[in-house]
Amino acid sequence: MYELLIGLRYARAKRRNGFISFISLISIVGIALGVAALIIVLSVMNGFQEEVRNRILGMAAHVQLTGGDGTLHNWQDVASPVLKTEHVRAAAPYVLGQGLLNYSGQVKGTLVRGIDPELEPGVSDVTKKIIGGSLDQLRPGEFNIILGWQIAAELGAQIGDKVTLITPQGQVTPAGLVPRFRQFKVIGVFKADYYPYDAGLGLIALADAQKLFRTGDAVTGLRLRLDDLFNARGVAMQITRQQSGVIASDWTQENPTYFRAVEIEKRMMFIILTLIVAVAAFNLVSTLVMVVTDKQADIAILRTLGATPGSVMKIFVVQGAISGFVGTLTGVLGGVLIALNLGTIVPFIERIIGTHILSPDVYLITELPSRVEFSDVGSIAAISLLLALVATLYPSWRASRINPVEALRYE
């Protein structure tokens, strides 16, 4: 294909007009910067999404099972077949209730979760989150509690102190409904790095929770851990079909607003940054128009030698596509390289400017996370190449319409 050979030669040849070469270089650099920016931004958003998701799921389950009335009787009979379900790795019962914690005149509302200390580590990372005390000390009948560090700090309670838990399940007396009180000894503190847990969750033994909330032998439900959290929705639907009277919900349903907002934000950023790539790609239009004007005599000579309008068009499509390919390839390599090394680049920049980009006093996540998804990289590269190819069509068509006689008249 002589069109390819001539197009390649035009792409690497030195032009008589240096301004055209400069504009062509700017177009390539613009495409590269746009592609690199898009890869870096999406990688950072993927990193933030993964980081927050891991923090949420550190204390939450992938799938939760409960009954139609909000309780689960004979949970062992439900857990046995569920553990044989594909992708399910562990199950643990829990009792969930609400209450008020009182210590030294400070009162804070909290969720109270009763757990089995032996089974709970299989479905959550609670043992990794405890910064004081031990999960093994949640022994039935001793009424011990492990608090989130935020609520413990707000109450002023420390390990060894006794706090009073007030539950809404009151006792009926001649004077009316009287709330129930129970003292718990603080035997540990956890830090989940997720505010709703750190500031509003207390862990107690499962048997103590059953007594406190008067559930008898029943539990609120079962918490499941899967081999892959992205299988949660399918597993939840499968269990709902197989287990009559059991309602299954997955982690995406527990935090729907947050994950939907992140997904929408990611899509909008993709669209906005793609427009940057589009602007750079369509700079190729002006570059190729000037090249066509500069090469009119060459085009006329090719036409007189027998080149068809289609062949002339292919020559300039090849030339423009090469510019788009070089810009895209440079942007992909640069974007991926920077995204993979943000953990080194950001601290270096922070040392130069003398400040933290993500100050620990303001932000929960103090390091800029990054996760490169090569499906995103492939989509970005494909869109960039497509835009560059589209940008070459009009100038190439104009080149194919040049009349050889008019072009050579004044040569």
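Here are some short exercises with worked solutions on a predicted model of a protein chain.

**Exercise 1: the chain as a whole**

Find how many helices and strands the chain has, and what share of its residues is buried.

*Solution.* Start with the secondary structure: the chain has 15 helices and 10 strands. Next, turn to accessibility. The chain holds 411 residues, and buried residues make up 47% of them. Finally, look at how far apart in sequence the contacting residues are. Taking contacts in the chain between residues at least 6 apart in sequence, 80% join residues at least 24 apart.

**Exercise 2: the largest pocket**

Work out the volume of the largest pocket and describe its lining.

*Solution.* The volume of the largest pocket is about 330 Å³. Its lining is made of 17 residues, and those nearest the centre are A60, Q64, R113, Y197 and E254. Two or more lining residues come from each of the strands β2 (88-103) and β3 (106-115) and from each of the helices α6 (195-198) and α9 (251-254). Now sort the lining by chemistry: 11 residues are nonpolar, three are polar and three are charged.

**Exercise 3: the largest cavity**

Count the cavities of 30 Å³ or more, then say which helix gives the most residues to the lining of the largest one.

*Solution.* The count comes to one cavity of 30 Å³ or more. The volume of the largest cavity is about 30 Å³. To see what surrounds it, select I39, L42, S43, N46, V372, E373, D376, V377 and I380, which line the largest cavity. Two helices, α2 (18-59) and α14 (374-400), each supply at least two of these lining residues. Of the elements, α2 gives the most, with four residues. By chemistry, the lining of this cavity divides into five nonpolar, two polar and two charged residues.

**Exercise 4: following α14**

Compare the length of α14 with its expected span, then locate its kink.

*Solution.* Begin with the ends of the helix. α14 has 27 residues, and the distance from its first C-alpha to its last is 38 Å. At 1.5 Å a residue the expected value is 39 Å, so the two are close. Then walk along the helix to L393, where there is a kink of about 30 degrees, shortly before the proline P395.

One more residue of α14 deserves a look: L386 is found in this helix. Its relative accessible area is 52%, and because the cut-off for exposed is over 50%, L386 counts as exposed. The C-alpha atoms of L386 and A281 are 9.3 Å apart, although 105 residues separate them along the chain.

**Exercise 5: a loop isoleucine**

Decide whether I159 is buried, partly exposed or exposed, and list its contacts beyond its sequence neighbours.

*Solution.* First place the residue: I159 is in the loop between α5 (149-155) and β6 (162-173). Its relative accessibility is 47%, which lies between the 20% and 50% cut-offs, so I159 is partly exposed. For the contacts, set aside neighbours within four places in sequence. What remains for I159 is G132, G133, V186, I187, G188 and V189. One of these, G132, is 27 residues away along the chain, and its C-alpha atom is 7.7 Å from that of I159.

**Exercise 6: two positive phi angles**

Find where D193 and R214 lie, and what phi each of them has.

*Solution.* Take D193 to begin with. D193 is not a glycine, yet its phi is positive, at about 60 degrees. D193 belongs to the loop between β7 (176-190) and α6. With a relative accessible area of 24%, D193 is partly exposed.

Now repeat the steps for R214. R214 is not a glycine either, and its phi is positive at about 55 degrees. The loop that holds R214 runs between α7 (206-212) and β9 (221-226). At 48% relative accessibility, R214 is partly exposed.

Definitions and conventions. Residues are numbered from 1 along each chain as its sequence is written. This is a predicted model: local features need pLDDT of at least 70, side-chain atom pairs count only at pLDDT 80 or more; totals for chains, interfaces and linings use all residues. Side-chain values use heavy atoms; hydrogens and water are left out. On a 1 Å grid over the protein atoms alone, a cavity is a set of points where a 1.4 Å probe fits but cannot get out, and a pocket is an open set with protein on both sides within 12 Å along at least five of seven lines; lining residues have an atom within 4 Å of a point. Grid points are joined across faces, edges and corners, and a volume is the space filled by probe spheres set on the points. Ala, Val, Leu, Ile, Met, Phe, Trp, Tyr, Cys and Pro count as nonpolar, Asp, Glu, Lys and Arg as charged, and the others, Gly among them, as polar. The bend at a residue is the angle between axes fitted to the seven residues ending there and the seven starting there. Buried means under 20% relative accessible area, exposed over 50%, partly exposed in between (1.4 Å probe, protein chains only). Contact means heavy atoms within 4.5 Å.
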